[in-house]
Amino acid sequence: MKLKSKILIRNIPNLASSDYCFSNALLEELTNFCSIKEKDIAVLDFGCGNKPWASFFSNVSRYEGIDVYRGKNVDIVYDGGEIPVPDETYDLIFSSSVLEHVKDINITLKEIERILKEGGVFISVVPFTNHVHGAPFDFHRPTRHGWVELLGSAFGKKSSIRVEPVDSRFSCLMNIITSYFNNSLYKFLKKASRLAKRNPVERSIAINDGGASPESASPSVRAAYILAQLNPINFLFGLMSYIFGGKVNCKETEGEITSGYKLVVVKSYG
């Protein structure tokens, strides 16, 4: 089954979710990159978690994952400072909903620039009008113009920088509505199940599983999240988003409202 179909099926309960629009935006850019590049490329999955994109890169010569947590799917552990990789190692570096969790975004972007080959591509999707997650480690919500400044400072003005919204104004509104109900229900389920009092052994297992975080990797927390996603409001508003969402306006900036942004940088010393 193609990855695009898998993304659709995974998000059928809520097609207004940020995961749906973010994954589609990321897949589009990864597909564009791989269509013009040879298979002999090195790829870094930045904030890899459990490597959900591994199957997409099954034919490349080198595919590695980096994360702040140790795990069976994590090849490189990153402490937020220097990435333990030589200069100009990768042809492609990509991330999905990760940069908002980086405490010092300037250091991290400069490190990504350092280990990316000249002519290499950095692709990322990041939230904007989207609920706080992974608290308290959720630090950044720049506008489109803020990301252009940050990326320009890290990669240099000679590099090609493109920042675009991942969804339309209507789809963003549907996402906000469903997020409100989901988070309210999730908090209720979490409190009712006393998930916050899970034992240290479970936390250790969560870390070693290589999830995005000990919180999100916990089976009990994930179960509460899935239950919250199954409420019928998600399906109704998600279907409305799918049908009436319309095309993304990549040119409008004044008064822009979007769930997040797609960042694409082609590195050049020029």
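## Exercises on strands, cores and salt bridges

Strand β2 and strand β3 (residues 76–77) pair in the parallel sense over 2 bridges, where pairing requires that DSSP finds at least two bridges between the strands. Helices (H or I, at least four residues) and strands (E, at least two) are DSSP runs, numbered from the N terminus.

Before we start, a word on the model: it is predicted, local features need pLDDT of at least 70, side-chain atom pairs count only at pLDDT 80 or more, and totals for chains, interfaces and linings use all residues. Residues are numbered from 1 along each chain as its sequence is written, and side-chain values use heavy atoms, with hydrogens and water left out.

**Exercise 1. Follow the bridge partners from β1 through β2 to β3.**

Step 1: Begin at β1, which runs parallel to β2 and is joined to β2 by 5 bridges.

Step 2: Take Phe46, whose bridge partner in β2 is Ile66.

Step 3: Carry on from Ile66, which has Ile76 as its bridge partner in β3.

Step 4: Check the surroundings of β2 (residues 62–67). This strand is largely enclosed by the rest of the structure, because 5 of its 6 residues are buried. Buried means under 20% relative accessible area, exposed over 50%, and partly exposed in between (1.4 Å probe, protein chains only).

**Exercise 2. Find the elements that build the largest nonpolar core.**

Step 1: Fix the term. A nonpolar core is a set of buried Ala, Val, Leu, Ile, Met, Phe, Trp, Tyr and Cys residues joined through side-chain atoms within 4.5 Å.

Step 2: Look for the best-connected members. Among the 29 residues of the largest core, Phe46, Ile93, Leu99, Leu109, Phe122 and Trp147 touch the most other members.

Step 3: Name the elements. Two or more residues each come from β1 (42–46), β4 (90–96), α3 (105–115), β5 (116–127), α4 (144–155) and β7 (260–266). The largest share, 5 residues, belongs to α4.

Step 4: Turn to the two helices. In α3, 8 of the 11 residues are buried, and these pack against β1, β4, β5 and α4, with contact meaning heavy atoms within 4.5 Å. The buried residues of α4, including Trp147 and Leu150, pack against α3, β5, β6 (160–165) and β7.

**Exercise 3. Trace salt bridges between parts that are far apart in sequence.**

Step 1: Recall the idea and its cut-off. Side chains of opposite charge can pair when their charged atoms come close. Here a salt bridge is a side-chain nitrogen of Lys or Arg within 4 Å of a carboxyl oxygen of Asp or Glu, and the whole structure holds 14 of them.

Step 2: Try Glu28 and Lys262, whose side chains meet in a salt bridge of 3.2 Å, N to O. Glu28 sits in helix α2 (residues 18–36) and Lys262 in strand β7, 234 residues apart. Glu28 is partly exposed at 43% relative accessibility, whereas Lys262 is buried at 5%.

Step 3: Move to Glu113 and Lys267, which form a salt bridge of 3.4 Å, N to O. Glu113 lies in helix α3 and Lys267 in the segment after β7, so this pair ties together parts that are 154 residues apart in sequence.

Step 4: Add Arg144 and Glu256, with their closest N and O atoms 2.3 Å apart. Arg144 is in helix α4 and Glu256 in the loop between α9 (232–244) and β7, 112 residues apart. Both are buried.

Step 5: Finish with the network, in which salt bridges that share partners join Glu28, Glu29, Arg162, Glu164 and Lys262.
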